Amino acid sequence: MSDALDMTAMYVMHDALRRELEQLAKATARHDDDPRTVLRTAVGWELFKKSLHVHHTAEDDALWPALRETLAERPDDLALLEAMEAEHTAVEEVIAAIDAALADPDAVRDRLGDLVDSLATGLNGHLRHEEDQTLPLIQAVATPQQWAHFGQVHGQRIGPDAPRLIPWLLDGAGEQSVAVMLAPLPEPARAAYAAQWQPTYAALDRWGTGA
């Protein structure tokens, strides 16, 4: 048990997901182009999906199982972990429905807007639920070793996508959060982030806005 787990990475991820939900809503509300065409080719949509998948599967595979062992005699807390997994599944189903709508040339245009609204409602609600109830539980019962293992699995699943996902993750993060997130990386990776990864990411037109 620890009361000093560093949850910077969790909050940085949540902030990045919220940031991209706002951009997704703007992209699908545009009237100057068909948002389905925009979203089909938007690198922002691919980065969002990849990052969310890494985050949620790392929790499902490396964090919740460890906590279940600790919480075996606490049914209310076990129910909370079940709720986290159910919310992950619900979000994944909406994302799959969005991709299906993008692939269907006969899909009604308004269908995409409704699905994006559902995604924003579901994911924002999940993030609040996790921050309000699950993160305090993790802080109270998880060991530093369990927390470190989750971080390692999360990092491994980013893997070769690090040059794209790390700048995406740190977009808009404060200096202290950026420093904390980059500190575990080997020096060559930190140098690559500054010299290559971040400038390349900054030049992307993630959501087809031309900005």
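**Cavity**

I started with the lining of the largest cavity in this predicted model. Its lining residues are Met-13, Ser-51, Ile-158, Leu-165, Trp-168 and Leu-169. I asked which helix gives the most to that lining. Helix H7 does, with three residues. I then looked up the volume and noted about 30 Å³ of space in the largest cavity. I also checked how many cavities of 30 Å³ or more the structure holds, and found one.

**Trp-168 and Arg-19**

Trp-168 came up in the cavity lining, and I looked at what sits over its ring. The charged end of Arg-19 does, 5.0 Å from the ring centre.

**Glu-20**

Next I took Glu-20, which lies in helix H1. Is Glu-20 buried or exposed? I read a relative accessible area of 1%. The cut-off for buried is under 20%, so Glu-20 counts as buried. I then listed what Glu-20 touches, leaving out residues up to four places away in sequence. The contacts are Gly-44, Phe-48, Trp-168, Arg-206 and Trp-207. Two of these names recur in my notes: Trp-168 carries the charged end of Arg-19 over its ring, and Phe-48 belongs to an aromatic pair, taken up next.

**Aromatic pairs**

I counted the aromatic pairs and got two. One is Trp-45 with Phe-48, and I logged this pair as stacked. The ring centres are 5.9 Å apart, with 15° between the planes. Planes under 30 degrees apart count as stacked, so the 15° of this pair qualifies. Where do Trp-45 and Phe-48 lie? Both are in helix H3, which runs over residues 43-70. They are three residues apart, about one turn of the helix. I noted both Trp-45 and Phe-48 as buried.

Trp-147 and Phe-150 also form a pair, and I logged this one as tilted. Here I read 5.4 Å centre to centre and 40° between the planes. Both residues lie in helix H6, residues 144-158. Their spacing is three residues, about one turn of the helix. Trp-147 is buried, and Phe-150 is buried too.

**Largest pocket**

From H6 I moved to the largest pocket. I noted a volume of about 660 Å³. The lining has 22 residues, and those closest to the pocket centre are Ala-9, Gly-151, Gly-155, Met-181 and Pro-184. Which helices each supply at least two residues of the lining? They are H1, H6, H7 and H8. H6 gives the largest share, eight residues.

**Helix H8**

Met-181 sent me to helix H8, residues 175-182, where Met-181 is one of the buried residues. The others on that list are Val-178 and Leu-182. Seen down the axis of H8, the buried residues fall within an arc of 90°, so they line one face of the helix. I asked what covers them. The cover includes helix H1 (8-28), helix H7 (162-170) and helix H9 (187-202).

**Met-84 and Ala-83**

I looked up Met-84 in helix H4, residues 75-103. Its relative accessibility is 0%, so it counts as buried. Leaving out residues up to four places away in sequence, I found Met-84 touching Trp-64, His-126, His-129, Glu-130 and Thr-134. I also took a distance to Tyr-11, which is 73 residues away along the chain. The C-alpha atoms of Met-84 and Tyr-11 are separated by 16 Å.

Ala-83 is also found in helix H4. I read a relative accessible area of 21% for Ala-83. Buried means under 20%, so Ala-83 is noted as partly exposed. Ala-83 and Pro-144 are 61 residues apart in sequence. I get 24 Å between them in space, C-alpha to C-alpha.

**Gln-145**

I closed with Gln-145, which is found in helix H6. Gln-145 has a relative accessible area of 59%. Exposed means over 50%, so I entered Gln-145 as exposed. I then took the separation from Leu-24, 121 residues apart from Gln-145 along the chain. The C-alpha atoms of Gln-145 and Leu-24 are separated by 36 Å.

How values were computed: Residues numbered from 1 in each chain as written. Predicted model: local features only at pLDDT ≥ 70, side-chain atom pairs only at ≥ 80, totals over all residues. Heavy atoms only, no water. Phe/Tyr/Trp six-rings, centres within 6.5 Å; stacked < 30°, edge-to-face > 60°. Helix = DSSP H or I, 4+ residues; strand = E, 2+ residues; numbered from the N terminus. Buried < 20%, exposed > 50% of the residue type's maximum accessible area, 1.4 Å probe, protein only. Lys NZ or Arg CZ within 6 Å of the ring centre and 35° of its normal. Arc of directions from axis to C-beta. Contact = heavy atoms within 4.5 Å. 1 Å grid on protein atoms, 1.4 Å probe; cavity = no way out; pocket = protein on both sides within 12 Å on 5 of 7 lines; lining within 4 Å. Points joined across faces, edges and corners; volume = space filled by probe spheres on them.
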